[in-house]
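Hi,

Here is the structure I promised to pass on. Have a look when you have a moment; my notes on what turned up follow below.

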Amino acid sequence: MSQPGGHRRRPGTPGPPVRSIRPFKSSEQYLDAMKEDLAEWLQDLYGLNINAANFLQVLETGLVLCRHANAITEAALAFLAEAPALARRIPMPQAGVSCNGAAQPGTFQARDNVSNFIQWCRKEMGIQEVLMFETEDLVLRKNVKNVVLCLLELGRRAWRFGVAAPTLVQLEEEIDEELRQELALPLPQPGPDGSEPCEPLHMPSSVLYGQGI
């Protein structure tokens with residue numbers, strides 16, 4: 001497994017400054033903006049030639065997805081070694097994902113890679129079904145929205161143990177903190193058994209843009 005070098009941050013340290021985002025006039029523009037944000041994020045992590053236009057083509061073999069899953073797992077295990085007490089309160093992956101590195105677009109091997117990533121998201125990361133996608137949603141472009149939402153949620157969860165997050169996730173965190181300060185809300189507290197606290201006031205991405213998709 002290879003970790004995205006140079007892009008882990010220590011939990012609790014501020015991330016890079018984020019750019020402002022303006023409302024968009026249509027759901028298509030909104031979806032394109034999210035793809036652009038994710039493409040820039042993956043480009044920064046792995047040095048990929050990826051943008052909003054070729055976003056789905058780059059992902060459809062499952063190679064990048066599996067690489068990212070394995071990098072997240074490696075980061076989680078490193079975080080566990082560095083901060084075991086804190087790590088016990090955060091749901092983290094315990095295993096990576098197998099990948100066929102020779103997969104070509106449109107092949108069964110590519111579908112298997114994507115399927116392995118999807119199962120990893122469910123089993124190891126516990127991503128809710130409402131945010132999940134199926135293999136054909138990516139390969140046949142049946143539900144691009146959920147591909148994007150799944151990757152954003154993965155970015156939120158992996159940020160907890162030091163993996164750089166997409167800009168949208170950083171914006172959500174900033175909004176959460178501003179709301180907490182304005183409303184004088186306490187920080188989330190762990191459960192009586194030391195488990196992870198309830199999710200903070202994550203602002204849905206649709207609210208950030210002022211619309212749904």
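Leu42 is a good place to start: beyond its neighbours within four places in sequence, Leu42 is in contact with Gly47, Leu48, Ile50, Phe55, Leu59 and Val64. Please keep in mind that this is a predicted model.

Leu42 also turns up in the largest nonpolar core, which has 54 residues. Together with Phe55, Phe117, Trp120, Phe133 and Phe161, Leu42 touches the most other members of that core. At least two core residues come from each of α1, α2 (55-59), α3, α5 (108-123), α7 (144-159) and α8 (167-182). The helix that gives the most is α7, with 10 residues.

Back to α1, where Leu42 is one of the buried residues. The buried set of this helix also includes Tyr30, Leu31, Met34, Trp41 and Leu45, and charged residue types are represented as well, by Lys35 and Asp37. As for its geometry, α1 (residues 27-46) has 20 residues, which should span 28 Å at 1.5 Å a residue; the end C-alpha atoms are 28 Å apart, so the two values agree. Just after this helix comes Gly47, with a positive phi of about 65 degrees.

Another residue you may like to look at is Thr73, in helix α3 (residues 63-82). Thr73 counts as buried because its relative accessibility is 1%, under the 20% cut-off. Its side chain makes a polar contact of 3.5 Å with the side chain of Trp120, and Trp120 is among the core residues that touch the most other members.

Now for the charged pairs. The structure holds eight salt bridges, and here are three of them.

- Arg141 and Glu60: the closest N and O atoms are 3.3 Å apart. This pair links distant parts of the chain, with Arg141 in the loop between α6 and α7 and Glu60 in the loop between α2 and α3, 81 residues apart. Glu60 is buried, at 13% relative accessible area, whereas Arg141 counts as partly exposed at 30%.
- Arg111 and Glu136: the N to O distance is 3.9 Å. Arg111 sits in helix α5 and Glu136 in helix α6, 25 residues apart. Arg111 is partly exposed at 25%, and Glu136 is partly exposed at 32%.
- Arg122 and Glu134: the closest N and O atoms are 2.6 Å apart. Arg122 lies in helix α5 and Glu134 in the loop between α5 and α6, so this pair ties together parts that are 12 residues apart in sequence. Arg122 is partly exposed at 21%, and Glu134 is partly exposed at 42%.

Arg111 and Glu136 also belong to a network of salt bridges that takes in Lys142.

Which backbone feature does Arg141 have although it is not a glycine? Arg141 takes a positive phi of about 60 degrees. Most residues other than glycine have a negative phi.

Finally, the chain as a whole. There are nine helices and zero strands. Of the 213 residues, 44% are buried. Among contacts between residues at least 6 apart in sequence, 65% join residues at least 24 apart. The accessible surface comes to about 10,800 Å², and 53% of this belongs to carbon and sulfur atoms.

Best wishes

Conventions:
Residues are numbered from 1 along each chain as its sequence is written. This is a predicted model: local features need pLDDT of at least 70, side-chain atom pairs count only at pLDDT 80 or more; totals for chains, interfaces and linings use all residues. Side-chain values use heavy atoms; hydrogens and water are left out. Helices (H or I, at least four residues) and strands (E, at least two) are DSSP runs, numbered from the N terminus. Buried means under 20% relative accessible area, exposed over 50%, partly exposed in between (1.4 Å probe, protein chains only). A polar contact is a pair of N or O atoms within 3.5 Å; within protein, one must be able to donate a hydrogen and the other to accept it, and residues adjacent in sequence count only if both atoms are side-chain atoms. The expected span of a helix is 1.5 Å times one less than its number of residues. A nonpolar core is a set of buried Ala, Val, Leu, Ile, Met, Phe, Trp, Tyr and Cys residues joined through side-chain atoms within 4.5 Å. Contact means heavy atoms within 4.5 Å. Accessible areas come from the Shrake-Rupley method with a 1.4 Å probe; for residues, only the protein chains shown count as cover. A salt bridge is a side-chain nitrogen of Lys or Arg within 4 Å of a carboxyl oxygen of Asp or Glu.
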